[in-house]
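Please open the structure in a viewer and keep the selection tool at hand. The tour below proceeds stop by stop, naming what to select and then describing what is found there.

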Amino acid sequence: MSKHELNEEPQPSANPSVVGRFLDMPNDSIFKTFAVAILLCLICSFFVSMSATVLKPLQIANKELDKRKNILAVAGIPFTNETINQAFDQIDSRVVDLETGEYTEVVNAETFDQLSASKDPEYSVDVASEIDIATIGSRSRYAVVYQINDANGDLEKLVLPVRGYGLWGTLYGFIALHADMQTAAGLKFYEHKETPGLGAKVDNLDWQAQWDGKKAIDSNGLVTVSLIKGLVAPGDPDAAKKIDGLSGATLTSNGVNNLVHYWLGDHAFGPFLNKLRNSRG
């Protein structure tokens, strides 16, 4: 072998591929470092997006299941994780036009999202500041209500969606009424940001139990139930209209009080409840 052949270095191909040139770059090359980082980001983004797409139906199903659990709980209907859907079959979901207080079929009760609709100009109305005691800003024109009928098909309880601002954010929940459309059957929140040990006492089962049997609305349609400061005295003649306040959480107590008064009042479910009550004699 000649000396010339021993000293000859391999020559790069005339038309190296882009990948080949990229791989031949030094590992400490700034371009190569950024390119690898961008490639990894794109790959991770792809898998995150794909996961979100694949899991979305499951997330929607779980959200619906959780909503059903809360509606059943506030209505006092027993269920287990295995019998949720079966128990919910006895509930009739219907849409109410909050402007007229009448049932409507303008939207589908099974698919209508009241919270999303409250942000859509086509389906919402702004709540004037002087009547916005729940601090919601706007509300949907329509609401889905949940009727529980007895064995004879007569209305036994009614569950209404409610929301309003507490101390740190909006409380979302359901309030249930007995067949007279005046007596409360329960109140339960499924989402809130209240302080643990204070405002979060809205999750306390003993506190929630107080609502069943309270006179929420009088014969004239006025909302009468209210949270008080402190505990309701056993001998208080107005005890049927009072709920223990949340100790150390005045603003949360005020928020709960305001949202109940708003949603049961004239500017929300009030007209509907009055018509329903009058139609039942």
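**First stop: helix α7 and the second largest pocket**

Select α7, which gives the most to the lining of the second largest pocket, with 4 residues. Please bear in mind throughout that the model is predicted. The volume of this second largest pocket is about 260 Å³. To find the pocket, select Ile 228, Lys 229, Gly 230, Gly 245 and Leu 246, which lie nearest its centre among the 17 residues that line it. Sorted by class, the lining of the second largest pocket comprises 9 polar, 6 nonpolar and 2 charged residues.

Remain with α7 and view the helix from the side. Its 15 residues span 21 Å from the first C-alpha to the last, close to the 21 Å expected at 1.5 Å a residue. Which residues of α7 are buried? They are Thr 252, Ser 253, Gly 255, Val 256, Asn 257, Leu 259, Val 260, Tyr 262, Trp 263 and Leu 264.

**Second stop: the largest nonpolar core**

Next, select Leu 160, Val 256, Leu 264 and Leu 273. These are the residues with the most contacts inside the largest nonpolar core, which has 40 residues. At least two residues of this core come from each of β5 (142-149), β6 (155-165), β7 (170-178), β8 (184-191), α7 (250-264) and α8 (270-279). With 6 residues, α7 provides the largest share of this core. In soluble globular proteins, nonpolar side chains tend to be buried together.

Centre the view on Leu 273. Leaving aside neighbours within four places in sequence, Leu 273 is in contact with Leu 158, Leu 160, Leu 177, Met 181, Ile 217 and Leu 264. Another core, of 22 residues, lies apart from the largest one; Ala 87, Phe 88, Tyr 142 and Tyr 146 are among its members.

**Third stop: Met 181 and Thr 135**

Select Met 181, one of the contacts of Leu 273. Met 181 is found in the loop between β7 and β8. Is Met 181 buried or exposed? Its relative accessible area is 0%, so Met 181 counts as buried. The backbone also deserves attention here, for Met 181 has a positive phi of about 60° although it is not a glycine.

Then select Thr 135, in the loop between β3 (124-126) and β4 (138-140). Thr 135 is another residue other than glycine with a positive phi, near 55°.

**Fourth stop: Ser 140**

Move along the chain to Ser 140, which lies in strand β4. Ser 140 has a relative accessible area of 1% and is therefore buried. Show its surroundings: not counting neighbours within four places in sequence, Ser 140 is in contact with Leu 98, Phe 112, Gln 114, Ala 117, Ser 118, Tyr 123 and Ser 124. For a distance to display, choose the C-alpha atoms of Ser 140 and Glu 122, which are 18 residues apart along the chain and separated by 9.2 Å.

**Fifth stop: the largest pocket**

Select Lys 63, Lys 67, Asp 113, Gln 114 and Tyr 190. Of the 25 residues that line the largest pocket, these are the closest to its centre. The space in this pocket is about 700 Å³. Its lining draws at least two residues from each of α3 (30-75), α5 (114-117), β5, β6, β7 and β8. The largest share of that lining, 6 residues, comes from α3. By class, 12 of the lining residues are nonpolar, 8 are charged and 5 are polar.

**Sixth stop: Val 74**

Follow helix α3 to Val 74. The relative accessibility of Val 74 is 5%, so this residue counts as buried. Which residues does Val 74 touch, not counting residues up to four places away in sequence? They are Val 159, Phe 174, Ala 176, Ala 185, Gly 186, Leu 187 and Lys 188. Val 74 and Phe 189 are 115 residues apart in sequence, yet their C-alpha atoms are 9.1 Å apart in space.

**Last stop: the whole protein**

Finally, clear the selection and view the protein as a whole. Its secondary structure comes to 8 helices and 10 strands. Of its 281 residues, 39% are buried. Among contacts between residues at least 6 apart in sequence, 54% join residues at least 24 apart.

Conventions. Residues numbered from 1 in each chain as written. Predicted model: local features only at pLDDT ≥ 70, side-chain atom pairs only at ≥ 80, totals over all residues. Heavy atoms only, no water. Core = buried A, V, L, I, M, F, W, Y, C linked by side-chain atoms within 4.5 Å. Buried < 20%, exposed > 50% of the residue type's maximum accessible area, 1.4 Å probe, protein only. Contact = heavy atoms within 4.5 Å. Expected span 1.5 Å × (residues − 1). 1 Å grid on protein atoms, 1.4 Å probe; cavity = no way out; pocket = protein on both sides within 12 Å on 5 of 7 lines; lining within 4 Å. Points joined across faces, edges and corners; volume = space filled by probe spheres on them. Nonpolar A, V, L, I, M, F, W, Y, C, P; charged D, E, K, R; others polar.
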